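User: Please take a close look at one part of this model, a strand and its neighbours, and then set it beside other parts of the model.

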Amino acid sequence: MIFERICEMIRSIGISDEVSPEIMLVNDLGMDSTELADLSTAIAKEFGVLIKSGDMKGYSVARIVEIIAKNKKGT
Amino acid sequence: MEKVYVTGIGITGPCGNTAKEFWDGLLSGKSFISTLSGINKDIFPSNIGGMVKNITPEKYFSRRLLNKCSRFSVLSLLACNEALGDAGIDMTSYDKTRIGIFVGNNSGGWESANNGLKVLHREGPQYISPFLASNWFPAAPQGHISLAFGIKGYSKTVISDRVSGLLAIAYAARTIRAGLIDAAIVGGVETPLDEWALQFYHSSGILCSSYETPEKAYRPFDRRKQGMVLAEGAAFMVLESAESVRKRNAGERVRANIREFCMVYDGTTNAEPDTKVEQYKRAIDTAIKRSVVNPDDIRLICPDGTAVEEDDMVEVRALNEYWGSKSMDKYCTCPKASFGNTIGAASAFDAVLSILSMNTSTLPFISNLEDEGNCRGLNFVKKENIRATINSSLILSRGFGGVAAAMVINNREF
């Protein structure tokens, strides 16, 4: 569920590449600093979890999902 | 003087979304000014304007890039794309460090800032779109044009009210003459029809707020003038050095050549009309002298045309004093009466439309000019378009802060 939502958020940035859990946000998808910040904002809005965009540079999609699952409200 | 050539043009504006569509729309004689939807007339008495409609940027640019852009960047990208195509520049082989970007703009991307402020106060600062940081300010289109086309040469964005577009063209031409770049994509863009931007322009007191119909509201140089009507749009052109045109064998693409320019200041925002006439005349005189053209050869004048009595009179008096009895030998047209004033892009629109006038030997008539009243003494193009051969035109522009400028543009000659 979280993974699907992250995929949708990435697609809404305009990135049409296929997204799998091991995909790296910067190295594979080429996300720039504003796109990372946009994703960070979208995650904070939906899950109430703040992941700093600077920290996301070395993250895969799976790592993002893991952090959200661990920290989101109500869990 | 080293010549600088115009080899491509592009327009996204109220009369049409390409230069050809825009030109055909303009020559049709129809007005493109209408009521702005969603703008409350009780709050904004001037709730009319020239809107850009039915654009399809996703046909040419990735959603990823468009996501980052405010509306004024999107309009710029479309006009630049057309201008580069018209110039036939192959971006895969041209040295992109030798192409510059010059943009004239006045008010930035206020609709983005407006949305950001709503989020700030309703949801909190952490939820503001990070794209806002790089898409609301006047230099944003310059950055987005650079991203879209990979252009890396010396570039600038200039802000000087309605003179912005002309100033951008002048800077680009001078930068090419100085040898810093070989080519430039240059023009003006404005999207002032957002509520917030409208409020700023409204407080200036020069907008038309009383009119019979939207179509008849903007009446530069007419006895019944009641102020300016705003419009959105982008007008761009590709400039090249003679060497660049030669190297890529593009002589046949040359549409015009940019001569010289002069910009002056009244020295005060509240200058008396006499002082303003003197300064405006100085801009005209200096631009023509620097351009090394015979004043008699200039046969088309494109004035600023705010449709405010004192301002229009300054223009008429300055031109009459400069040319004397010969002022009636020149055609004078003001196409923006048909679609509105695009402020920071207005003089870029005038420059591109004067090039189309010269290229096609057709001069568009001034909408709503029925009786000049006090503005007599110039040969205005009225009631119908005129066929005339024009080799040299004079573009004029004025703005707040006492700024005024003039530029000479010649028809094709390579």
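Analyst: What follows starts with one strand of chain B, moves on to a second strand and a helix of that chain, and ends with chain A. The model is predicted, and the description below should be read as such.

Strand 6 of chain B covers residues 183-190. Eight of its eight residues are buried, so the strand is largely enclosed by the rest of the structure. A residue is taken as buried here if 20 or more other C-beta atoms lie within 10 Å of its own. In a regular strand, side chains alternate between the two faces of the sheet. For strand 6 of chain B, both faces are covered. One side carries Ala183(B), Ile185(B), Gly187(B) and Val189(B), and the other carries Ala184(B), Val186(B), Gly188(B) and Glu190(B); all of these are buried.

Strand 6 of chain B has pairing partners in strand 4 and strand 7. With strand 4 (residues 99-104) of chain B it runs parallel, and six bridges join the two. Within that pairing, Gly104(B) has Gly188(B) of strand 6 as its bridge partner. With strand 7 (residues 233-241) of chain B, strand 6 runs antiparallel, joined by eight bridges. There Ala184(B) stands opposite Leu239(B).

Strand 15 of chain B, residues 403-411, is also mostly covered, with nine of its nine residues buried. Strand 8 (residues 256-265) of chain B pairs with strand 15 in the antiparallel sense over eight bridges, and Tyr265(B) has Val403(B) as its bridge partner. Strand 14 (residues 392-399) of chain B also pairs with strand 15 in the antiparallel sense, over eight bridges. In strand 15, Asn410(B) stands opposite Ser392(B). Strands 14 and 15 of chain B form a hairpin with three residues between them, and Gly401(B) in the turn has a positive phi of about 85 degrees.

Helix 3 of chain B is mostly covered too: 16 of its 17 residues are buried. At 1.5 Å a residue, the helix (residues 71-87) should span 24 Å, and its end C-alpha atoms are 24 Å apart, which agrees. After helix 3 of chain B comes Gly88(B), with a positive phi near 70 degrees.

Chain A has four helices and zero strands. Of its 75 residues, 29% count as buried. The radius of gyration of chain A is 11 Å, which agrees with the value near 11 Å for a compact globule of 75 residues. Its C-alpha trace spans about 30 × 20 × 20 Å along the principal axes. Among the contacts in chain A with a separation of 6 or more, 50% join residues 24 or more positions apart.

Technical notes
Residues numbered from 1 in each chain as written. Chains lettered and ligands numbered in written order. Predicted model: local features only at pLDDT ≥ 70, side-chain atom pairs only at ≥ 80, totals over all residues. Rg over C-alpha atoms; globule rule 2.2 N^0.38 Å. Buried ≥ 20, exposed ≤ 12 C-beta atoms within 10 Å, placed from the backbone. Contact = placed C-beta atoms within 7 Å. Expected span 1.5 Å × (residues − 1). Pairing = 2+ DSSP bridges.
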